[in-house]
Structure formats: structure tokens, C-alpha cells
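Let's take a friendly walk through one protein model. Have a look at the sequence and the 3D view first, then read on.

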Amino acid sequence: MMFSKNIAIIGEGVIGVSSALAINQKFPHYKITIFHDRPFDKTCSFGPAGLFRLDKEELKPLAKVTFERMAFLEKTEGPKTGIKLLSGHIQSDDKERLTLQEKNMSDIVYNFRWLTDRERQSLFIDPLNFCIHYTAYASEGKKYVPWMKEILQKNGIQFIRKEIKNVNEIGKDYDIVINCGGLNGGKISGDDDTVYPIRGVVLELDSIWHKHFNYKDFVNFTIPMSNSVALGTVKQDHRYDTKITDDDRKEIWDNYLKIHPTMKEAKILNEWCHLRPERKSLRLESEIRKLDNDKKYLLIHNYGHGGNGFTLHWGCALKVVEFIENNIKIQANSWDSKSFQTFKRYREAKLKGLKDSLIEEEKQIKNLENIKNQITEYGKKLTHNLWMPFGNVAFFPAKLYNTNKYTVLLGDNYFVDASGHEACGIIDRRLELLNERVEKFKTAIKNTEDEIKYGGQFFQNSDGTVEIIEEYVEPDEETKKKRAMEFKKPSIPEEEYNQLMAKLDELELLEDGSDEEDDDDDEDEENDEEENLDSDDEPDVVIEGDSKIKAKKNDLDSDDDDVSEDGVILHNEIVDDLANFLGLQDKRDQLIEILKKGRDLTEIYNKENNSEEVMETNEVKKELSNKTFDEKKTLKRGVSWSAEDEVQTIEKIDELSSKELEMKVNGVGKGILTNKDPSPIDHEAVKRMNEEDVNTCKIEPMSKEAFTQNIVERSSIPMIPEEPQATEIPEAEPYKPMSRFKRSKMWH
């Protein structure tokens, strides 16, 4: 009972259907069944126009909830619910009754007020002494109740026509029974005989021009509906007959025509008689009923609304939901071992029944599949040999000839002849239905097993405690946070915090000033470097006219360990630029090795000839100082184009002549990596290449990847030029005569 509820509702009127809808919205997993003993058009909820009006002050909270519900549906669902907004009047000579209406409804309905004498005389031909006006909702029963019923049926709620004589009849099969029996509510409860009928008659007129409701002494009225006007009524207490007589019609017409004589031309479309279930007070309460077999169920009474059923229906429905919630809480607090064992016993019995049913369904599926396979095999041949049973114990050989004709049982002893294909089709349809039922059984088995599992967990964890859940109200929570922050102590005093922040601001200003000074220092260093570069009397690398390179001696004297960090970075940049320019990115390590060997040779030579090198350097500086700035092209590192077709290595440096070294010192060539002259073109070399000289070699690269020039490092060692080797030209082979046949084959 803790995890699912099986609920029965007695009554299909507006009270019973609205109670079912409220429960379904709150507990959508509960199973609900509605019992009724007559068609809906014979109930008390079918005919009324359902105008909102309240006679008893104690029911005001329920009426207010219903009014808000009708306002919501009128805005969101529209005319299909049969709810609409109407204005009108109630006249009476009894001011006390109108004052009671004011007390009950003035703060619920719209525009409630008393009419003045002038207004009463202007509106009515023979007005009564007092009149009130208000605007409220009317819910047309023949539309509103079917609209709710349609929602319930879509949600799986069952409606069963069955007369219930006592609530205990169905109490043994349901966990909760809700008595919405109306006039029979007291009878079927078994303990109430105070309910009596108030007979009323309603005539349905075609006066659609009539747009406002009008009451006279709370008996005669007109209420506009969707396509007609409801005219009523008579009030006859303790009268059970529903037959409309001529006296009834005459009484209604005579009383109302005194108010609106123009209604006498209206045509009667329909007439209807109903019995309102009146009681001294509304019975809306719950109790626990115990049966002879010790089974208990919750019984909720919801009947005795009189003529205010539509005015109170939704408030009463929510009250029913409240009773169910309270019952759940009570059961949760009283959950003990005995109740758990009862719960477990019922669920295990249910589980066993489901599994047995599943086995039977699977047997039928297997049997049908075997029959289908047998039919398929028989259809493959014209005849089949088989053993025919003869009595209970004997068989004799036989032969089957009609392999494509079968007699199929359709049900209720109806048979039909069918072909093998048709019989298989029938079997497939039956298998589809059986498979669906098997899936439902499996789902039900899983749900039941989960119920047993969660029930055990709940029982083990239940220690008498009750979970308290507080509703979250955002304004209240924000107020709590603000109060908490007001009383929260700061981590440090405010004065100390302000001093700390001021100190941080001061440090940030100092840091910004130091950054500006660092920027100025960097600019000064860059300017110094440019000046040093421009005032350098001796170039690091000079590109000579004969495409040989001289490197600065001082950069090659030091070992790798003595080179500064800036020198290492510059050295790596030179190697990268050299490799990129020559297209030898994949031979970067070889270039580094060449430069290293050159430095080692230079260091050895400097130790032996230190004095001569110093003199030579001074002479070079003097010669360079006599030249103008435009004539000097200096560079820390550089490469040159060579007239040779190969790359010079360190081993060939010793073979260079002193004449070439002297030409390099004089600065004939131009550097291609200098910042002052970025052009890589050696104009002297271009001039020499254009001269008509038989000794000039034409340079043609073998491919885009091949670099066919010389790479030479500067060295202060006098080098002897290598004598050019004579190139032997191979003699051409003598011409061999070829036949005309071979020549024709070559061309084709």
C-alpha cells in the first residue's frame, strides 16, 4: 500500500469526476476506477448551467479554490470546457439572504455591489425590493464534466457501470474508496440517512439574445449557456419523481414572465428534471473501515452539496487529495514488521501469478511457432508419409495428400478452411498479440520485484523518523542571507584591510614605474648596439668579389664554453639563416660542425702568430678608417656566392691564397645579411659574370634542393689557391649505321 494505491470512486457526476482528476494529477501512478449506476445524461450534473453562487458561509474556502480553478480554465482551455464569464443580478424581498450572499462571495467574485432604486426600476418591470449585481463564472455541466472525463480516459482511468449498494462491497478489493454517490451517498455509506432530494426542473430555450443571468428569490432564474438559455426552476423538497408535469411548466413560466415578459415568445428546445442531494451540512471527511477479514481501507465521504456542486467541486476534490496524503503519512509512521510481511506476502503472490501466466503465454507462442514450421514443411511437397494414430496405443502408416489446405479455429467453435499461407498469416497475428502480452507480463514482473526490493529497503531504513521538507520561498531565503551577512564577523578589521589595499595600490604604481624604466633601458641598449655595429672598424663577415667569405677572428677565438648567452643565441640564428638561405635545412648539424672546426683552427693559429695578427689587424683598421661610410658594408655574419660549383669545407681553407685574403680585407664584396644594406645582390659578381671571359663558369643549379655555390669561412691563415684541374672531355662514339627497319621501329 505504500508504493501504489488502488482507488475506487463511486459517482460519475461533477464531484466524482473532479475528485478523480485531482487525484490523478497529484498521484499519476495510482490506479483509479469510477463506478456509476446510470448514464451521465441522467445524473444531476448534466443539466445545470453551473453559475457560481454560495449559500453557506462555512464553505467559503472551498468555493474560493473552485473560483480560481474556473478562472484558470476559462483563460487557458476556452469554450470547450463550457466555462464562461457572466454578469447578472439576484432580486429578493429578503434582504438578509442577499446580505448573506454579500458576506459569502463579495471578496471572491468580480464587481459585487447593490443596485440603487433607480437601477432596479430601470432594469425590471416589477422589481423586488432589493437586488445585488456581480460577475462570476458559469460551468455548463453537459460540457464541463465530459471534458474532464475525456482527460481521465486518456490517462487510463476506467469507468464501470455498476450499482454499488454498500461501500464495503468494493472495499475488500481497493485500498481507498471515495463516496461521491450524491443522493445515494448516505445510503451506500451505511451510516447516514440524512440526505434528501430537492427536485428541480430546467427548460432549455432558444433565446440566445439573452446575455445576463437573472435570479428571482433564488428560485426562478435564467442563465445563458453556449447555444441556449436555461430557464428554471421549482424547489420541491423530499420529492423523488423526475417526471415534468404541466403544472411544473406553468409555475416556471408564470413566475419568470413577471420579470421578463419578452421570454414568452421563446421556443423550448429541451426540458430536464434533476434531484439535488441536500444535507444539513456537507459531508467531507475520511475514516478507516475494517472488514470482517481484518482488512482495512480508507473511506472518504464527499457528498451532500445541494445546489452548490459546481461552486464547490474543485475545492472538495483538493480536500480529498489532502485526506489521501495524510493517510500516507500515517501509514509511513506506523510501518512495522507485520505490515511489511503482509505487503511482501501480497506482492510475492502477485509475482507468482504473473510468472505462471508468463509461462503459459510462452508455451502458446512455442506451440504456434511449431505449427507454423510444420505447415511450412508440408507445403514443400505434394505428399507426406506419416503415422496415423489408431486408438490410444496403435499407429498405422498413412500418406498426407492435401498439404496446402487447413481448417483453422477462429473461436467459439467457428472454423474456416485456409491455405497454408493464410494459416501462417493467422498464426503471425496471434503471435504478435501473444508477444505483446509477454512484454506486459515481463514489465509487471519487474515492477513487482522492484516494489518488494524497495519495500525491504524502506522497512530497514525506517526508524520512526519523519522527513521534514520546508517549502523554499525565495524572498524569505534572500532575507536570511542578508541577515547572515550583517551578523557575520569580518576576517580582519576594516582599518587594517584599508591599509593593506592602499599598500597594494602603492606597489602596483611602483611596478608600473619600474616597467617604464626597463623599457627605457631596453631602448638605450638597442641604440648602443646599433652604434657599436656602425662604429665597428672590422666586419665580422665580408662578401668578396671572388665569392669567398671572411669571418671575424675574434668570434672564432673563444671556446664554446666562453661564449656568452647572447653570442650563443646569435650563433644559432646565423646557422638557421644560413641553412634557410642555402636550402640545406636538413644539413644544419653539418654547418654547425664546419663552423666549430673553423674556430678550432683559428685558435691554434692565433697562439702561434699572435704578434703578426695584431699588426695585421691594425693595418686593416687604418685602411678601413680612410673609407667613407657608404663604402663599408659590415655584418656580424654572412654568406657569399662563389664561382665554384661545390661547397667549400674546412679542409680546403688552407689552400686559399694570400691574395684572396687581402682582397677580402679591403672589403670589395657586400654582405647580404647586413642591417644597413639588406640587398642580397652582389653587383660586382653580376658584372663579372656578364663579361666575355672564357674562364667564367656558368652556374646552373641541378635542382631546387641543390645549392651549387661555395661556402667559405674567413681565416687569417694565408691560403694557396688550388690549381684548376683539366677536365677530360670523353670522345664521342663513332656513328654506327642503322637499318631502315630499325629506324622505322624507333619512330613508331
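In which sense do strand 14 and strand 15 pair, and over how many bridges? Strand 14 and strand 15 (residues 296–303) run antiparallel to each other, and eight bridges link them. One of the pairings puts Leu 284 opposite Asn 302 of strand 15 as its bridge partner.

## Before we go on

What you see is a predicted model, where local features need pLDDT of at least 70 and side-chain atom pairs count only at pLDDT 80 or more, while totals for chains, interfaces and linings use all residues. Residues are numbered from 1 along each chain as its sequence is written, and side-chain values use heavy atoms, with hydrogens and water left out.

## The sheet

Helices (H or I, at least four residues) and strands (E, at least two) are DSSP runs, numbered from the N terminus. Two strands count as paired if DSSP finds at least two bridges between them. Here, six strands make an open sheet with mixed pairing, in the order 6-2-1-7-15-14. Strand 6 (158–161) and strand 14 (283–290) sit at the edges with a single partner strand each, so one side of each has no neighbour in the sheet. From one strand to the next, the twist averages 20 degrees.

## Helix 1 on the sheet

Helix 1 (residues 14–26) packs on this sheet and touches strand 1 (6–10), strand 2 (31–36), strand 7 (176–179) and strand 15. Touching, or contact, means heavy atoms within 4.5 Å. The direction of helix 1 makes about 160 degrees with that of strand 1; axes are lines fitted to C-alpha atoms, for helices over the stretch in contact, and angles run from 0 to 180 degrees between N-to-C directions.

How much of helix 1 is covered? Eleven of its 13 residues are buried, meaning under 20% relative accessible area (exposed is over 50%, partly exposed in between, with a 1.4 Å probe and protein chains only). Among the buried ones are Val 14, Gly 16, Leu 21 and Asn 24.

## Two residues to find

Thr 81 is in the loop between helix 2 (60–76) and strand 3 (83–92). Is Thr 81 buried or exposed? Thr 81 is buried, at 0% relative accessible area. Setting aside neighbours within four places in sequence, Thr 81 is in contact with Glu 140, Lys 143, Tyr 144 and Trp 147.

Gly 353 belongs to helix 10 (residues 337–378) and is partly exposed, at 34% relative accessibility. Its C-alpha atom is separated by 9.5 Å from that of Ile 445, and the two residues are 92 residues apart along the chain.
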